[in-house]
Amino acid sequence: PIVAKRLKEDLLSDIVEEGMVIVHCTYDAEIDGGIRIWRTTFLVDQVSGHRSPLHHAERITMAPDWLPVPAGMRHTFTLIFGPLPGSCTVFDLVEEIPEPGGFFVPEIRRNKEDVYRVKVG
């Protein structure tokens, strides 16, 4: 689906106001296949164990659907999570799924903007 520019800007301003966390992800396909994201994906504060839930995903399909990504191609997508606790300084991106291969990005250092770029897969 195509999102109107104005609507997208309104959504992004709401995200900033509510303290949401934005994670821009890059996936490099080594073999022909696909990717998807599960709703059971969280940002986990390494100290408190607080889990910020996934609220929205852009440019990636939600499980059980797959997004094809041919070998040698790069795909970028964005995940939007609920806020992290103010005391959080380091967190992990954890995709908890009932099979091997969930995304896991450990030890992401917190920044003031709560906008991050990570490599997954």
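**Figure 1. Asp28 and its salt-bridge partner Lys119 in the predicted model.** At a relative accessibility of 24%, Asp28 counts as partly exposed, because the partly exposed class lies between the cut-offs of 20% and 50%. In this model, which is predicted rather than determined by experiment, the side chain of Asp28 meets that of Lys119 in a salt bridge, with an N to O distance of 3.1 Å. Asp28 belongs to strand 1 (residues 21-28) and Lys119 to strand 9 (residues 115-120), so this pair ties together parts of the chain that are 91 residues apart in sequence. Lys119, for its part, is exposed, with a relative accessible area of 56%.

**Figure 2. The salt bridge between Arg51 and Glu96.** The side chains of Arg51 and Glu96 meet in a salt bridge in which N and O are 2.7 Å apart. Distant parts of the chain are linked by this pair, since Arg51 lies in strand 4 (residues 51-58), whereas Glu96 lies in the loop between strand 7 (90-95) and strand 8 (104-109), and the two residues are 45 residues apart. Arg51 counts as partly exposed at 37% relative accessibility, and Glu96 is also partly exposed, with a relative accessible area of 34%.

**Figure 3. Asp114 and Arg110, a salt bridge with a buried acidic partner.** The side chains of Asp114 and Arg110 meet in a salt bridge with an N to O distance of 2.7 Å, and a polar contact of 2.7 Å likewise joins these two side chains. Asp114 counts as buried because its relative accessibility is 9%, and buried means under 20%; Arg110, at 24%, counts as partly exposed.

**Figure 4. The surroundings of Asp114.** Asp114 is located in the loop between strand 8 and strand 9. When residues up to four places away in sequence are left aside, Asp114 touches Met20, Val21, Ile22 and Leu84. The relative accessible area of Asp114 is 9%, and this residue is therefore classed as buried.

**Figure 5. The network of Asp28, Arg74 and Lys119, and the total count of salt bridges.** Side chains of opposite charge can pair when their charged atoms come close. Asp28, Arg74 and Lys119 are joined into one network by salt bridges that share partners. Counted with a cut-off of 4 Å between a side-chain nitrogen of Lys or Arg and a carboxyl oxygen of Asp or Glu, the salt bridges come to five, among them the pairs Asp28 with Lys119, Arg51 with Glu96 and Asp114 with Arg110.

How values were computed. Residues numbered from 1 in each chain as written. Predicted model: local features only at pLDDT ≥ 70, side-chain atom pairs only at ≥ 80, totals over all residues. Heavy atoms only, no water. Helix = DSSP H or I, 4+ residues; strand = E, 2+ residues; numbered from the N terminus. Buried < 20%, exposed > 50% of the residue type's maximum accessible area, 1.4 Å probe, protein only. Polar contact = N/O pair within 3.5 Å; in protein donor to acceptor, adjacent residues only side chain to side chain. Contact = heavy atoms within 4.5 Å.
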